[in-house]
Amino acid sequence: MLLAAVACTDIKPVEDRVGAAEQSIAAAQAKLTSLEGKVGKIAAPAGKVEYTVRGVEIKGATSTDSLAAPTSDPAKLSDGYRYKGPGVFEPANPKRWEVSTYIWTPGAITALQGDQVNLRIFIINGDKHTTWVEGPDGKEVVKEEVQNRGREYLMTFTASQVGTYKLICNEHDPTMRAVITALPRS
Ligand SMILES: [Cu+2]
């Protein structure tokens, strides 16, 4: 009898600990079940995205020996194109003709709604670009500023609206226009 009483006394604390452990496991399982219901539904926190954008001029030239000059002036197709016809700008090389345009590269950027978007802009070609950012609603979200060759500029805005923001250079629009698409966060 004495032996049995000792055994019961020893087992009781163990049973208590097992019971406590079972309660902890049950609580953890309940927590896990509640979290599983939220998987894929938790929006990522708003962040900061930064892109380096370059202002560049791209050119294409040939000779009338290879290809006749265009019959309509490319500069009249859009404000964004430049054209140097045969002999007009290069008398010493009368057969050469050239087309060019200014662009931003990259020209398409993606962000999530609520992100702070930093555009770190470096001007490689062109002495002067008057640059600003337009929001999806057509309103100015970054004030217009003059940007010069060889300088770096930081344009910052919060993409509070879903839709397309535009980085625009007045002098070389519409070709010098980059789009920043703000997607819904979840
Ligand atoms: Cu420009």
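**Two mixed sheets and a shared nonpolar core in a predicted model**

Glu-144 is partly exposed, because 13 other C-beta atoms lie within 10 Å of its own. On this scale a residue is buried if 20 or more other C-beta atoms lie within 10 Å of its own, exposed if 12 or fewer, and partly exposed in between, with C-beta atoms placed from the backbone. The structure is a predicted model, in which local features need pLDDT of at least 70 and side-chain atom pairs count only at pLDDT 80 or more, while totals for chains, interfaces and linings use all residues. Residues are numbered from 1 along each chain as its sequence is written.

Glu-144 belongs to strand β7. Apart from neighbours within four places in sequence, Glu-144 is in contact with Thr-130, Thr-131 and Trp-132; two residues are in contact if their C-beta atoms, placed from the backbone, lie within 7 Å. Asn-170 is 26 residues from Glu-144 in sequence, and the C-alpha atoms of the two are 9.2 Å apart in space.

The protein as a whole has 1 helix and 10 strands. Helices (H or I, at least four residues) and strands (E, at least two) are DSSP runs, numbered from the N terminus. Read from the N terminus, the order of elements is α-β-β-β-β-β-β-β-β-β-β. Of the 186 residues, 15% count as buried. Among contacts between residues at least 6 apart in sequence, 68% join residues at least 24 apart.

One open sheet is made of 5 strands in the order β4-β10-β9-β6-β7, with mixed pairing. Its edge strands are β4 (108-112) and β7 (140-148), each of which pairs on one side only. The twist from one strand to the next averages 20°, where axes are lines fitted to C-alpha atoms, for helices over the stretch in contact, and angles run from 0 to 180 degrees between N-to-C directions. Two strands count as paired if DSSP finds at least two bridges between them. Within this sheet, strand β9 (residues 163-169) and strand β10 (residues 177-183) pair in the antiparallel sense over 6 bridges. Leu-167 stands opposite Ala-178 in β10. The loop between β9 and β10 contains Pro-174, and the peptide bond from Asp-173 to Pro-174 is cis, with omega near 10°.

A further open sheet of 5 strands has the order β2-β3-β1-β5-β8, and its pairing is mixed. β2 (81-84) and β8 (152-158) stand at the edges with a single partner strand each, so one side of each has no neighbour in the sheet. Here the twist averages 20° from one strand to the next. Strands β2 and β3 are antiparallel and pair over 4 bridges; Lys-84 has Glu-98 in β3 as its bridge partner. Strands β1 and β3 also run antiparallel, joined by 10 bridges, and Ser-63 stands opposite Arg-96 in β3. By contrast, strand β1 (residues 48-63) pairs with β5 in the parallel sense over 8 bridges, where Tyr-51 stands opposite Leu-119 in β5.

Thr-52 also lies in strand β1. This residue is exposed, because 12 other C-beta atoms lie within 10 Å. Leaving aside neighbours within four places in sequence, Thr-52 is in contact with Arg-120 and Phe-122. Thr-52 and Asn-118 are 66 residues apart in sequence, and the distance between them is 8.5 Å from C-alpha to C-alpha.

After β3, the loop leading to β4 holds Pro-106. A cis peptide bond with omega of about 5° joins Thr-105 and Pro-106. Most peptide bonds are trans.

The largest nonpolar core has 19 residues, of which Val-53, Tyr-165, Leu-167 and Ile-180 touch the most other members. β3 (96-105), β5 (116-123), β9 and β10 each supply at least two residues of this core. A nonpolar core is a set of buried Ala, Val, Leu, Ile, Met, Phe, Trp, Tyr and Cys residues joined through C-beta atoms within 7 Å. Outside its neighbours within four places in sequence, Ile-180 is in contact with Ile-109, Ala-111, Val-117, Tyr-165 and Leu-167. In soluble globular proteins, nonpolar side chains tend to be buried together.
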